[in-house]
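Work through three short exercises on side-chain contacts and surface exposure. Try each task before reading its solution.

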Amino acid sequence: MEKENDNFWFYIAGVIVVAIGLVFMLKSREMESVPTSAFAETKAQVDKQISSAKK
């Protein structure tokens, strides 16, 4: 009898590659739904609070 080819590690490697691909895809789309003006306004508010806290 011939030894069966064990594909377990190929499946594990495939799952890892797919997971990494999904993470990068989702991270690239993370800020798409947030309007840039809202981000700038929030950043300005944070900067204002930090400068007032230092005084």
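The exercises below refer to this predicted model.

**Exercise 1. Classify the aromatic pair.**
Find how the rings of Phe8 and Trp9 are arranged.

*Solution.*
- A pair of aromatic rings is described by the distance of the centres and the angle of the planes.
- Take the distance: the ring centres of Phe8 and Trp9 are 5.0 Å apart. The cut-off for a pair is 6.5 Å.
- Take the angle: the planes of Phe8 and Trp9 stand at 75°. Over 60 degrees counts as edge-to-face.
- The Phe8 and Trp9 pair is therefore edge-to-face.
- The count of aromatic pairs is one.

**Exercise 2. Place the salt bridge.**
State which side chains form the salt bridge, and where they lie.

*Solution.*
- Side chains of opposite charge can pair when their charged atoms come close.
- Asp47 and Lys43 do so, with N to O at 3.2 Å. The limit is 4 Å.
- Both residues sit in helix H2 (residues 36-54). They are four residues apart, about one turn of the helix.
- Asp47 has 40% relative accessibility, so it counts as partly exposed.
- Lys43 has 46%, so it is partly exposed too.
- One salt bridge is counted.

**Exercise 3. Describe the nonpolar patch.**
List the residues of the nonpolar surface patch and assign exposure classes to Phe8, Trp9 and Ile20.

*Solution.*
- Phe8, Trp9, Ile12, Ile16, Ile20 and Phe24 make the patch, about 670 Å².
- Exposed means over 50% relative accessible area. Trp9, at 62%, therefore counts as exposed.
- Phe8 is at 44% and so is partly exposed.
- Ile20, in helix H1 (residues 8-28), has a relative accessible area of 44%, so it is partly exposed.

Key: Residues numbered from 1 in each chain as written. Predicted model: local features only at pLDDT ≥ 70, side-chain atom pairs only at ≥ 80, totals over all residues. Heavy atoms only, no water. Patch = residues over 30% accessible without salt bridge, like charges linked within 9 Å, V, L, I, M, F, W, Y side chains within 5 Å. Areas by Shrake-Rupley, 256 points an atom, 1.4 Å probe, with all protein chains shown as cover. Helix = DSSP H or I, 4+ residues; strand = E, 2+ residues; numbered from the N terminus. Buried < 20%, exposed > 50% of the residue type's maximum accessible area, 1.4 Å probe, protein only. Phe/Tyr/Trp six-rings, centres within 6.5 Å; stacked < 30°, edge-to-face > 60°.
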